[in-house]
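Student: Could you take me closely through one part of this model, the open sheet and what surrounds its strands? I would like the terms spelled out with their cut-offs as you go.

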Amino acid sequence: MFSKDPKARAGERREGKASRALSIIGAEVVISGDIVTRARLHVDGRIEGDVRCEALSQGESGTIAGSIVAEEASLAGLVEGTVTARQLTVGPTARITGDVFYETLSIESGARIDGRFARRDGA
């Protein structure tokens, strides 16, 4: 982490350390703008913009007003936009207004989705 050798630090980034990192958007946070990360992202606050990440988990208080693109997504709050995920879990408190594109889909009883579903072929 504190290595003085820049090659060692660069090697750590290439090995996917970012994909194991976790970023948290707390309930009191409002972000206006897009978020792009290779890390895992947990959202309890509000994002007014698009989200692109490796894995997304959204708490019940989380709101995303924009499109979501993720390998894995677990949604429990409000989404106003398109959701595209390889593996998608929609919790019982989730509310989605927008189209949903997925490879694997799980919807728990109580979830509300106003949009179209389309299964996408894996690459």
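Tutor: What follows looks at the sheet, then at one of its strands and the loop before that strand, and lastly at an aromatic pair.

This is a predicted model, in which local features need pLDDT of at least 70 and side-chain atom pairs count only at pLDDT 80 or more, while totals for chains, interfaces and linings use all residues. Residues are numbered from 1 along each chain as its sequence is written, and side-chain values use heavy atoms, with hydrogens and water left out.

The open sheet is formed by six strands in the order 2-5-7-9-11-13, and their pairing is parallel; strands here are DSSP runs of E with at least two residues, numbered from the N terminus, and two of them pair if DSSP finds at least two bridges between them. At the edges stand strand 2 (30–32) and strand 13 (112–114), each of which has a single partner strand, so one side of each is left without a neighbour in the sheet.

Within this order, strand 5 (residues 46–48) runs parallel to strand 7 and is joined to strand 7 by two bridges, and Ile 47 stands opposite Ile 64 in strand 7. Thr 63 also belongs to strand 7 and counts as buried at 13% relative accessibility, where buried means under 20% relative accessible area, exposed over 50%, and partly exposed in between (1.4 Å probe, protein chains only). Leaving aside neighbours within four places in sequence, Thr 63 is in contact (heavy atoms within 4.5 Å) with Gly 45, Arg 46, Ile 47, Gln 58 and Leu 78.

The loop between strand 6 (51–58) and strand 7 (63–64) holds Glu 60, which is exposed, with a relative accessible area of 61%. With neighbours within four places again set aside, Glu 60 is in contact with Ala 76, Gly 77 and Thr 93, and its C-alpha atom is separated by 9.4 Å from that of Pro 92, 32 residues apart along the chain.

Turning to aromatic rings, the structure holds one pair. The ring centres of Tyr 102 and Phe 117 are 6.5 Å apart and the planes are at 75 degrees, so the pair is edge-to-face; rings of Phe, Tyr and Trp (its six-membered ring) pair if their centres lie within 6.5 Å, and planes under 30 degrees apart count as stacked, over 60 as edge-to-face and the rest as tilted. Because Tyr 102 lies in strand 12 (residues 100–107) and Phe 117 in strand 14 (residues 117–119), the pair ties together parts that are 15 residues apart in sequence. Tyr 102 is buried, with a relative accessible area of 15%, whereas Phe 117 is partly exposed at 38%.

Methods:
Helix = DSSP H or I, 4+ residues; strand = E, 2+ residues; numbered from the N terminus.
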